[in-house]
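Reader: I have a few questions about how the words used for this model follow from its values. Could you take me through them?

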Amino acid sequence: MSKMKKEIAINLYGLIRDIKNSNLSREALVKYIMLRVKLKSLFEEFEKVRTEIAEQTKPDGWKEGDSMKEWDEAFRPVMQKWLSEEVDIQTKIFNQDECADLISSNPDLSGSAIDLIVSGLLKE
């Protein structure tokens, strides 16, 4: 397995969460679905952690409409520490053809999204 920062894995999941996979072979689709399951699990953990950190760093007496500055200053370093931790998820699952098949299933992807797919999913 290869280690990557949680932040990168979460961003990769955010990108692939809503894309199509219609041009993938059965073998590539299986690899892709298994990766999505792992990344989704991490994303769900992120949502729980984010909520917990927000609750724990909320300033005493803070009310809706109050300045967020103090809260942000307490929240940000804790959240960033969690996001910078490494996780063991092998995301480089596709050969060049499989990567191209995924990209061709999504002709509306931006260049930066394609770059992230290639750097995140293409075996080296």
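Author: Gladly. Let us begin with a cut-off: a residue is called exposed when its relative accessible area is over 50%, and buried when that area is under 20%. The model here is a predicted one.

Reader: With that cut-off, which residues of helix 5 are called exposed on the face turned away from its buried side?

Author: Ser112 and Asp115 are the exposed residues carried by that face of helix 5. The buried residues of helix 5, which spans residues 111-121, are Ala113, Ile117, Gly120 and Leu121.

Reader: Why are the buried residues of helix 5 said to line one face of the helix?

Author: Looking down the axis of helix 5, you find its buried residues within an arc of 80°, so they line one face. A general point helps here: an α-helix has 3.6 residues a turn, so residues three or four places apart point the same way.

Reader: What do the buried residues of helix 5 pack against?

Author: Their partners are helix 1 (6-16), helix 2 (26-57) and helix 4 (96-104).

Reader: Let us take helix 4, then. Why are helix 4 and helix 5 called roughly antiparallel?

Author: Their axes cross at roughly 150° and come within 11 Å. Angles over 145 degrees count as roughly antiparallel, and therefore helix 4 and helix 5 are described that way. Their crossing is right-handed.

Reader: Which residues make that contact?

Author: Helix 4 supplies Cys99, Leu102 and Ile103, while helix 5 supplies Ile114, Ile117, Val118 and Leu121. By class, the residues of this contact divide into seven nonpolar, no polar and no charged.

Reader: Is isoleucine 114 buried, partly exposed or exposed, and what makes it so?

Author: Isoleucine 114, found in helix 5, has a relative accessible area of 25%. That value lies between the limits of 20% and 50%, so isoleucine 114 is called partly exposed. Beyond its neighbours within four places in sequence, isoleucine 114 is in contact with Ile103 and Leu109. Isoleucine 114 and cysteine 99 are 15 residues apart in sequence, with their C-alpha atoms 9.6 Å apart in space.

Reader: Why is helix 1 called oblique to helix 5?

Author: The axes of helix 1 and helix 5 cross at roughly 125° and come within 10 Å. Roughly perpendicular covers 65 to 115 degrees, and roughly antiparallel needs over 145. An angle of roughly 125° fits neither class, which makes helix 1 oblique to helix 5. Their crossing is left-handed.

Reader: Which residues of helix 1 and helix 5 meet?

Author: Asn11, Leu12, Leu15 and Ile16 in helix 1 meet Ala113, Leu116, Ile117, Gly120 and Leu121 in helix 5. The residues of this contact divide into seven nonpolar, two polar and no charged.

Reader: What makes isoleucine 10 count as buried?

Author: Isoleucine 10 sits in helix 1, and its relative accessible area is 7%. Buried means under 20%, so isoleucine 10 qualifies. Apart from neighbours within four places in sequence, isoleucine 10 is in contact with Leu42, Phe43, Phe46, Trp82 and Leu83.

Reader: How do you know that helix 2 and helix 3 are roughly antiparallel?

Author: Helix 2 and helix 3 (residues 69-84) pack at an angle of about 150°, and their axes are 9 Å apart. The cut-off for roughly antiparallel is over 145 degrees, and therefore this pair earns the term. Helix 2 passes helix 3 in a right-handed crossing. Among the residues that meet are Leu42 and Phe46 in helix 2, and Trp82 and Leu83 in helix 3. The residues of the contact of helix 2 with helix 3 divide into twelve nonpolar, one polar and two charged.

Reader: And glutamate 98: why is it called buried?

Author: Glutamate 98, in helix 4, has a relative accessible area of 8%. With the limit for buried at under 20%, glutamate 98 is therefore buried. Setting aside neighbours within four places in sequence, its contacts are Leu24, Ala28, Lys31 and Ile93.

Reader: What term fits glutamate 52, and why?

Author: Glutamate 52 belongs to helix 2, and its relative accessible area is 39%. That is between 20% and 50%, so glutamate 52 is partly exposed.

Technical notes:
Residues are numbered from 1 along each chain as its sequence is written. This is a predicted model: local features need pLDDT of at least 70, side-chain atom pairs count only at pLDDT 80 or more; totals for chains, interfaces and linings use all residues. Side-chain values use heavy atoms; hydrogens and water are left out. Buried means under 20% relative accessible area, exposed over 50%, partly exposed in between (1.4 Å probe, protein chains only). Helices (H or I, at least four residues) and strands (E, at least two) are DSSP runs, numbered from the N terminus. The arc is that of the directions from the helix axis to the C-beta atoms. Contact means heavy atoms within 4.5 Å. Axes are lines fitted to C-alpha atoms, for helices over the stretch in contact, and angles run from 0 to 180 degrees between N-to-C directions. Angles under 35 degrees count as roughly parallel, over 145 as roughly antiparallel, 65 to 115 as roughly perpendicular and the rest as oblique. A crossing is left-handed if the near helix is turned anticlockwise from the far one by less than a right angle, and right-handed if clockwise. Ala, Val, Leu, Ile, Met, Phe, Trp, Tyr, Cys and Pro count as nonpolar, Asp, Glu, Lys and Arg as charged, and the others, Gly among them, as polar.
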